[in-house]
Amino acid sequence: MTDFQTPYGLIGRKLGHSISPEIHAALGNPHYSLYELEPDELAVFLSDTRLKALNVTIPYKIDVIPLCASLDPLAEAIGSVNTLVRQDDGTWKGYNTDAYGLRCMMRAGGLSFDGADVLVLGNGGVSQTIQAIAKLDGCKTLTVLDICGTEYSYDDLPRFYHSTTLIVNATPVGMYPNAGKSLVDLAQFPNLKGVADVIYNPARTAMLLQAKALGIPFAGGLTMLVAQAKRAAEHFFGQDIDDVRIAEIGAKMQADAENIVLIGMPGSGKSCIGDALEKLTGRPLVDLDAEIVQKAGKPIPEIFAESGEDGFRQIESEVVREHSAKRGVILVTGGGVITRPENEAPLRSNGRIYQICRPIDQLSREGRPLSIGADLDAMAAVRMPLYQKFADTAVENSSTPEAAAQEIWRDYCAYSRAEWAEFEYARHS
């Protein structure tokens with residue numbers, strides 16, 4: 001049985017990647033714990049009178065309802081509870097703060113249910129909230145797909161390609177540690193006007209990355225997570241919290257969690273700049289070439305000699321997937337990481353990508369199997385369009401590594417603030 005730790009916390013079945021304690025600490029409550037429970041433990045755990053208030057996540061948002069003596073009207077109407085507050089008589093009252101978080105997320109992405117033909121993926125607890133709010137906010141039609149086929153199964157997806165204008169993912173598909181997956185191919189929806197995903201880890205799921213590539217407005221789950229936590233904390237302690245805290249906490253959490261990814265030609269100075277960034281920011285540095293050596297158990301020249309470039313690239317892609325799942329690190333890539341398209345999504349899913357630029361005649365060849373004796377001008381002609389496709393921005397390495405690191409860090413911090421400034425605009429509009 002899960003042991004009592006603090007009076008406040010989050011209950012769910014698997015919580016290894018939850019950042020809720022960080023959010024509640026930022027909201028002024030450091031006494032917040034993660035409680036992983038099996039279904040048969042739920043009722044006994046909630047009977048512990050030392051518990052004062054809890055958030056609820058997968059798969060218990062519906063299961064806790066019979067354990068509540070009373071429900072907030074919105075939670076009752078939705079049929080899903082994600083916040084429990086102990087009453088003076090010792091019973092639980094259930095609330096739904098996901099609804100508030102969902103509306104904040106939609107506004108942040110410039111999305112609206114009003115008049116939309118909505119396709120919801122999944123039919124669990126958070127889906128109940130999405131369905132209810134979609135109806136309350138004036139959707140034109142609402143279709144729910146789930147694996148059990150309660151209404152429609154995923155086999156029915158082609159029936160809704162042309163009619164759907166808004167897709168909301170309410171499933172864990174695409175969440176770490178199984179990032180990179182998506183239930184739908186957005187290219188099949190010719191009239192799609194918006195995409196929302198309740199997942200917050202990674203920051204950009206495969207579905208959202210495709211939406212961005214197709215120029216479709218989208219919204220991710222971090223806004224919803226922070227906003228619902230703010231409203232939950234208000235219920236916990238009976239005190240209002242200014243909505244501006246959503247943007248302040250969201251911006252900081254995004255800046256702390258996302259990775260800084262360095263790409264560029266071999267010898268462009270990525271490693272030196274990475275070292276300088278590590279000293280400047282205090283973030284851990286991950287050299288993907290060093291990780292390849294460790295994974296293969298041999299130096300890179302030996303990998304090339306024994307397995308050729310294809311063998312090396314296969315190991316490299318495995319390492320990219322593994323280490324892109326980390327949070328708040330500096331990832332220094334090899335020069336050819338951009339030659340495999342499948343590397344872009346994991347690097348971008350939770351990172352901001354910087355191309356390090358340096359004149360061809362200043363590139364170092366030492367210790368680089370593909371650079372020794374190569375025509376670097378010809379290599380650059382092939383790779384430059386790929387670097388530009390991967391990169392969010394480019395940085396010239398024309399002075400010192402420290403100067404380049406400072407430029408990257410300024411851009412990174414400004415980028416995080418700018419994204420949440422847009423949320424503030426949407427909140428007041």
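Which residues form one aromatic cluster with Tyr 8? In this predicted model, the partners of Tyr 8 in that cluster are Phe 236 and Phe 237. Let's start there and work outwards.

**Aromatic pairs**

Nine aromatic pairs turn up in the structure. In one of them, the ring centres of Tyr 8 and Phe 237 lie 5.0 Å apart with a plane angle of 50 degrees, so the pair counts as tilted. Tyr 8 belongs to strand E1 (residues 8-12) and Phe 237 to helix H7, so this pair ties together parts that are 229 residues apart in sequence. As for exposure, Tyr 8 has a relative accessibility of 11% and so counts as buried. Phe 237, at 40%, is partly exposed.

Another pair joins Tyr 152 and Phe 160: their ring centres are 5.0 Å apart and their planes meet at 70 degrees, so the arrangement is edge-to-face. Tyr 152 is partly exposed, with a relative accessible area of 23%, whereas Phe 160 is buried at 10% relative accessibility.

Here are the two pairs next to each other:

| Pair | Distance between ring centres | Angle between planes | Arrangement |
|---|---|---|---|
| Tyr 8 and Phe 237 | 5.0 Å | 50 degrees | tilted |
| Tyr 152 and Phe 160 | 5.0 Å | 70 degrees | edge-to-face |

**Helix H7 and what follows**

Helix H7, home of Phe 237, deserves a look of its own. It covers residues 221-237, and its 17 residues should span 24 Å at 1.5 Å a residue; the end C-alpha atoms are indeed 24 Å apart, so expectation and model agree. The helix is mostly covered, with 14 of its 17 residues buried. Just after H7 comes Gly 238, which takes a positive phi of about 70 degrees.

Glu 234 is also placed in H7. Is Glu 234 buried or exposed? With a relative accessible area of 11%, Glu 234 falls under the 20% cut-off, so this residue is buried. The side chain of Glu 234 reaches beyond the helix end to the backbone nitrogen of Ile 241, at 2.8 Å. Setting aside neighbours within four places in sequence, Glu 234 is in contact with Gln 239, Asp 240 and Ile 241.

**Charges over rings**

Arginines meet aromatic rings elsewhere in the model. The charged end of Arg 86 sits over the ring of Trp 92, 4.0 Å from the ring centre. Arg 352 lies over the face of Tyr 415, and here the distance to the ring centre is 4.3 Å.

**Cysteines**

How many disulfides does a search of the whole structure find? The count is zero. Cys 104 gives an example of the reasoning: the closest cysteine sulfur, in Cys 139, is 19 Å from the sulfur of Cys 104, which is too far for a bond because a disulfide needs the two sulfur atoms within 2.5 Å. Cys 104 is also buried, with 1% relative accessibility.

**An exposed proline**

Finally, we come to a loop. Pro 341 sits between strand E14 (330-332) and helix H12 (344-349). At 63%, the relative accessible area of Pro 341 is over the 50% cut-off, so this proline is exposed. Pro 341 and Trp 409 are 68 residues apart in sequence, and their C-alpha atoms are 26 Å apart in space.

Key
Residues numbered from 1 in each chain as written. Predicted model: local features only at pLDDT ≥ 70, side-chain atom pairs only at ≥ 80, totals over all residues. Heavy atoms only, no water. Helix = DSSP H or I, 4+ residues; strand = E, 2+ residues; numbered from the N terminus. Expected span 1.5 Å × (residues − 1). Buried < 20%, exposed > 50% of the residue type's maximum accessible area, 1.4 Å probe, protein only. Polar contact = N/O pair within 3.5 Å; in protein donor to acceptor, adjacent residues only side chain to side chain. Contact = heavy atoms within 4.5 Å. Phe/Tyr/Trp six-rings, centres within 6.5 Å; stacked < 30°, edge-to-face > 60°. Lys NZ or Arg CZ within 6 Å of the ring centre and 35° of its normal.
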